[in-house]
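Q: Could you take me on a close look at one part of this model, strand by strand? I'd like to follow how the strands pair up and what happens at the turns.

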Amino acid sequence: MIKTLPSHAQVVIIGGGIHGCSVAYHLAKAGWTDIVLLERKQLTSGTTWHAAGLVGQLQGSHSTTAFASYGVELLQELESETGHNPGFRQSGSISIALNTERMAELKRKCDFAKLFNVEAQHLSTAEIKERWPLVNAEGVLGGIHMPSDGSADPVALTRALAKGARMNGAQFFEYVKVEEVLMAGGRTTGVRTDRGSIETSCVVNCAGMWARELGKHSGVAVPTHACEHYYLVTEPIAELTPDLPILRSYCDGTYWKEDAGKLLFGFAHFHAKAWAKDGIPEQFEFDSLPFIEDDVMEVLELAMNRVPVLQTTGIRTFFNGPESYSHDGRFTVGEAPRLKGYFVLAGVNSTGIQSGPGAGKALADWIMQGHPPMDLSEMDPARIENFQGQDSYLQKRCPETLVLTYAMHWPGRQRETARNLRRTPFYHAMKAKGAVYAEVQGWERPAWFNPTVKYTQSEQAMDVAEQYDYSFYRPDWFEHSQNEQKAAREKVAMIDYSMLGKLWVEGPDAEPFLQRMCSNNMALPVGRVAYTLMLNDRGGIVSDVTVARHGAESFMLMSSISHTRRDHDYLARHILEEEAVTLRNATSSYGVLSICGPESRKLMAAVSNIDMSDAEFPFNSLRTFFIGHAEVTAQRLSFTGELGWEIFITPDFAEHVFTVLYNAGQPFGLKLVGGEALNALRIEKGFVHWGHDLAYTESPHQMGLDFTCKPDKSIAFRGRDAYLSRKAEDKGPFLCSVKLHSDKPLLHHNEPILRDGQIAGYVTSGAFAYDQGTAIGLCLVSPPATGGKSAIENGTCEVLVEGEKIPATLSVKPLSIPFTSG
């Protein structure tokens, strides 16, 4: 008998895989019983059913690790709650290294585990051989063992979640195809299916590899694409035992796990392919794809060498199935920025079984609470630019994500596909001077400059590029970046800022609107600039921006590269119906050059027709004048913390102004500076980067940013009362600076901070600072149990780097005070 669809539901979930069932389970368990889940075929019939079922507690970020750790907890409890065994076996895992850089990565992973109390330990080659006797240990330098890892039965786990959801009142409907998400007034109103419509104010897209197409119909970008993913299952092997740990050899691109007396081994391919470029077949259900030996032969040969028993054992199953991968290797979890009530959980990059329970709980909590329950900024749908949701882009980028799954997770790793999409007006001029480019949100941005490399016009036309060297230690561009820092600190530097977001906020109500949205006082005189925050209702930092007043009804808001879309959408959502305010994205309308350093005033005076003195052109002011034949506008501030100006130039005059400044700057020691050096310069001055050092969970008092908050201004800013309440409580963690006593190790990200031998926090951003002569970092540190923030510096500070405790100095103040006047 076919069940009749209800006419209304509190939440409608689309997709009956691990994610949809997890969201339904957690909503229903929390008491939201009016839940409907719709599945186009049968539960698990898309990609969940053929997952390998690996469960690892440690992932690449704090949020994904929290998902995985929660998943293990739930797996241990689910059977007693539902009576359904999810097939969880906690056999542990071993990851091996075949070179020193991979060993460094694994040791850093072991350090990271300590932040979450996840057990992880280093293993020698002999210990690996003892625990995994079938492995060929030749070339193995060592590895790490994580005893709490394991595996689960994907179908059994999903059905256990579904059963738990039904036990608490949720309704599940199979063989129901959602044809359209209904919308009105910028929010969801229901879904139309092939069996009727359901009214709802909340729709959750958990449609797996169909999520992108489903989102597209509603104007919601879901940046995922299905890719072909292979694994093999052997005939029974007598030597296998059920408690054999999962083995991962990232360098061989392979994992192995015991599977009912057989060995299942799968690949992170060296050459991956997007699948179903013309659309997923309508009849797809529990389907597999053709197994093409040439696609996996290279990695298969490595796998057979690493586990020689495979050379003499028959293969029972050759499997190729589609898996969804994202464009940037991050999940997409949260509410669509331009459609209220439309939530997405997609693109978990083959980690659905270990991450699905936790990700589903996080999204369910978001729906119920009306805001993210934790820092999910890295996976927020608001991060996605329109071009990143297009098929042509995703068919290039998503397979690369699959390839990089087991590749080295280098600091600053750059993508190689879908490059050279967005270029600033200075791209060719800087490339001719040796720029080596990194990519952010499609923008090509100089990372560092090699002064010994000069590209010809023909090489530039062919996009000839220098190979980006990577290392956990000192890459080959290290000295170039140090010299760039030296120029910024001692002479004068030029930096391309063109890719930073530029948003005009205009209209008769522009000032009161910004007063309401920004924490600082926006009643600025024309020609003044202010650094400000935007807060949410919980007093958390949504964004940090600079705002320049160009006219009585005209302001320019400047965002970080990755925040341009977020800031526009955030502001647009909060314009009141009665407010006369318009927003206009002008990011591509101006090239921007930063001129900064002790000699910058002399350079600016040499090329301009105005007085550049501190009295006439003070800090946080802007003026319009000429450089060469071009009219420009400049504001006096610098992200390096030195004396400096940010010069706005229309694209037609951009290269002319670049040439004038570059030539005039040579007598003053001018150097071109890239993003790697800039990162070190801003860390040294204590300047934060949203998404690295803070997000919407942190409050200004934790970040030392109280100076940007004016609670007594005539118009209360959003989040004021929550901010004041949190400030009064004065809870941490707090932003601090850390400096290593040894100049040998480097800091990158997530290194644990120890106080008297105990975990107290972690590095949020790290770099090697020229002026300090050692590695430095910004970090979030919790105060001692007694003494509060004033006691943070007490005790002995060390930083854990590759298992070694490196003595360090911890400071609640920046390592170097920013320049403002003089």
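**Strand pairing, up close**

A: Let's begin with strand β10, residues 187–193, which is joined to β11 by four bridges, the two running antiparallel. Please keep in mind that this is a predicted model. Within that pair, you can find Val191 standing opposite Ile198 of β11. Step back a little and β10 turns out to be the middle strand of an open sheet of three, ordered β9-β10-β11 with antiparallel pairing. The edges are held by β9 (178–184) and β11 (196–199); each has a single partner strand, so one side of each is left without a neighbour in the sheet. On average, neighbouring strands here are turned by 25° against each other, direction ignored.

Now move along the chain to a closed sheet. Six strands make up a closed barrel in the order β33-β36-β35-β34-β37-β38, and the pairing is again antiparallel. The average turn between neighbouring strands of this barrel is 40°, direction ignored. As a reminder, strands of a sheet pair through backbone hydrogen bonds, either parallel or antiparallel.

A good place to enter the barrel is β34, residues 752–755, which pairs with β35 over four antiparallel bridges. Arg755 of β34 faces two ways along the sheet: Gln758 stands opposite it in β35, and Cys797 stands opposite it in β37. The pairing of β34 with β37 (residues 797–801) is antiparallel too, over three bridges. Between β34 and β35 the hairpin has two residues, and Asp756 takes a positive phi near 50° there.

That hairpin leads you into β35, residues 758–769, which is mostly covered, with nine of its 12 residues buried. On its other pairing, β35 is joined by eight bridges to β36 (residues 774–781), running antiparallel. If you would like a landmark in this pair, look for Gly761, which stands opposite Val781 of β36. The hairpin linking β35 and β36 has four residues between the strands, and here Gly773 is the residue with a positive phi, near 70°.

Finally, look for the helix that meets these two strands. Helix α17, residues 675–684, lies across β35 and β36 and runs at about 130° to β35. To pull the picture around β35 together: β34 pairs with β35 through four bridges, β36 is joined to β35 through eight, and α17 lies across both β35 and β36.

Methods. Residues are numbered from 1 along each chain as its sequence is written. This is a predicted model: local features need pLDDT of at least 70, side-chain atom pairs count only at pLDDT 80 or more; totals for chains, interfaces and linings use all residues. Side-chain values use heavy atoms; hydrogens and water are left out. Two strands pair if DSSP finds at least two bridges between them. Axes are lines fitted to C-alpha atoms, for helices over the stretch in contact, and angles run from 0 to 180 degrees between N-to-C directions. Buried means under 20% relative accessible area, exposed over 50%, partly exposed in between (1.4 Å probe, protein chains only). Contact means heavy atoms within 4.5 Å.
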